[in-house]
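Reader: I have a sequence and a model on screen. Can you take me through what to look at?

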Amino acid sequence: MTSAMRSESLRNRVPIPVRVWNAVRLGKTTRVDSPAGTRSWAGMRSWAGTGSRACIGSWARLWIPARIGAREERVWLFALPLIVLVITALLAPSYGTTYATADDLARAVVNLRFSKVAAALYGVLPAGANTVQLAVWELGALTCLILGIVVVLRTVQRSRASEDAGRSEMLRAIGVGPASEVATTAVVMSVECLLLGLAGGVGLLALNGARVIYAAIYGAAIAGFCLLMSAGALVLAQLTGDAVHARAAGVGAMIALYAGHGAWAAWGWAWAGAWSPFALRAAMDPGGRNEWQPLVCVAVALAVLLLAATIAARRRDIQAGVIRARRRRPRPVRAAGPVSFALRLCRGQLLTWAVLISVLAAIFTSMGKNMVDLARAGATSGGALGSQLGTADPGADFLRYIGVLVGAVTAVQAIGLAGRFASDERAGLVEGMRGTGNGPARLLLAWCFVACLGAAVTLALATATAACVGSTVLDTSAAQALRVIGGQWPACAACAGITALLSGWWPRLNWIAWVVMLVGLGIAQLGPSVGMPEGVIDAGIFAQAGDPWSGGLVALAVVGSALGAVGVRRRDLQAMMGRGPLRRRRAFTMWGAGGGPGGGRMC
């Protein structure tokens, strides 16, 4: 027998689950050869429906996808809790040194409780709060908001992105059902959420006066919040048709929960936000009442959400959702070039985003009347808002505070639009566009231009509404609104330029643009209240509004876009749903009931 015949004979003796498992681990999506009689995918599914389930066993059905998920999530499991730990440990001690006496702290708490804007952003501040409660109220709110977005996106990535890449069909071939995939996703994300809570609690111990019980309650509140957001995103991932719609639904639901919580804290609308996951910190009250009972409600809610996700996963097909949108008759898209084509694709998003941000700018501006009146009377101090209203014109300072929030949200829009090129590249759409004569460089520059244009439209509407409301409520002028709100456009353009640069050279590092935006927001929001140096605060991207040095941000946007266009022309396009170059990995072998090579069938 020749070596080729011996190799083929040995290969035909290896069951299909082993070969499918190796293909899953290597990221392959090609057809897997099978023994005679099961060469087609239909034959393989028939074989997998009988022998594979008995072959791998119920424990292996959970262990295999859990091992894949843990391996792919290992960077986030290590890096994200470490970042939370470092940031919390660096910022928490400043709350113990900002207020020299107990009277200063009590006066700051009274002023912050009086501000509806602060209540809408951070929640309900307990009366007579100490430094631990103040840190949990302000720093914890921003931590939960950022972690909520990250956890939702990572949950969708774990539950649907691999399915869209064709990996779920291979897992089905070795007996891993939809319920097993949901369970393993829940396990991996639960470990990540628990690590985030542990990191937040340990970081709080750096604050003078924080006891271990306070840190434990705070960490449990963060972990419970992240678990609820992850479970909710897992349910939405089963209801929607693909990962793109799942991300949109998850982030939209989180924004609605955050807005409802703000309405409850500011106006007392209990029906809107008393049940929101953002209210968990106030219910547990670390440093105050130190309640553990809300965790029971968290456990019940998690059980209900996971059960709903499992039922929904069993009732849908692969690459489909439980809720199926009605198919509309497609209409031809007429576009003169890449820019007009990109505008046609996202014009609804641009208008919706601009109207929503302008309405929020008007609402927040109108809510600042009482706080500005107190600042003009010299009765405000402390906190992220009160520490920024100490100059001669509190009305203009409050508009600048609103401008930072509007600029950060608009930067999110700009980064998302500029990153559409990388998403289209991974989906294989850029390769199709090249057939029309439009190179990847033109497509990248088109999306960057649309991102800057969308930011300009959004900021223009927000400036107009804030100027109208501010002139009647805060006694501010239209020129001040244009300088501090409209002046955030260079920062948004810089974020789009950074995204274009990364998309052109290193598409997998687009997350750096989000880090730049979040760091700039954190410096602008927390810098004055935690005593950061003035040079660091003034160097933030959102602190350049109305400053002549903001031209440097525009130059950064232009240079980043140009370098990104050069980079995308010098490299190859990514393969459709590809995972990049493969590294050499160890062989993986499972044995049957016999316990070894001589005891049973390899499986």
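**Rings, cysteines and confidence**

Author: A search of the whole structure finds seven aromatic pairs (ring centres of Phe, Tyr or the six-membered ring of Trp within 6.5 Å). This is a predicted model: local features need pLDDT of at least 70, side-chain atom pairs count only at 80 or more, and totals for chains, interfaces and linings use all residues. Residues are numbered from 1 along each chain as its sequence is written, and side-chain values use heavy atoms, without hydrogens and water.

Reader: What is the geometry of the pair formed by Tyr258 and Phe278?

Author: The ring centres of Tyr258 and Phe278 are 5.2 Å apart. The planes meet at 70°. Planes over 60 degrees apart count as edge-to-face, under 30 as stacked, the rest as tilted. So the pair of Tyr258 and Phe278 is edge-to-face.

Reader: Which residues form one aromatic cluster?

Author: Tyr258 and Phe278 are both buried (under 20% relative accessible area, 1.4 Å probe, protein chains only). The cluster consists of Tyr258, Phe278 and Phe225.

Reader: How far is the sulfur of Cys226 from the closest cysteine sulfur?

Author: The structure holds zero disulfides (cysteine sulfur atoms within 2.5 Å). Cys226 is buried, with a relative accessible area of 1%. Its closest cysteine sulfur is in Cys193, too far for a bond, at 4.9 Å.

Reader: Where in the protein is confidence lowest?

Author: The mean pLDDT (the predictor's confidence in each residue, from 0 to 100) of the protein is 78. Where pLDDT is low, the predicted coordinates should not be read in detail. Confidence is highest in helix H11, at 93, and lowest, at a mean of 44, in helix H1 (a DSSP run of H or I, at least four residues, numbered from the N terminus).

Conventions
Helices (H or I, at least four residues) and strands (E, at least two) are DSSP runs, numbered from the N terminus. Buried means under 20% relative accessible area, exposed over 50%, partly exposed in between (1.4 Å probe, protein chains only).
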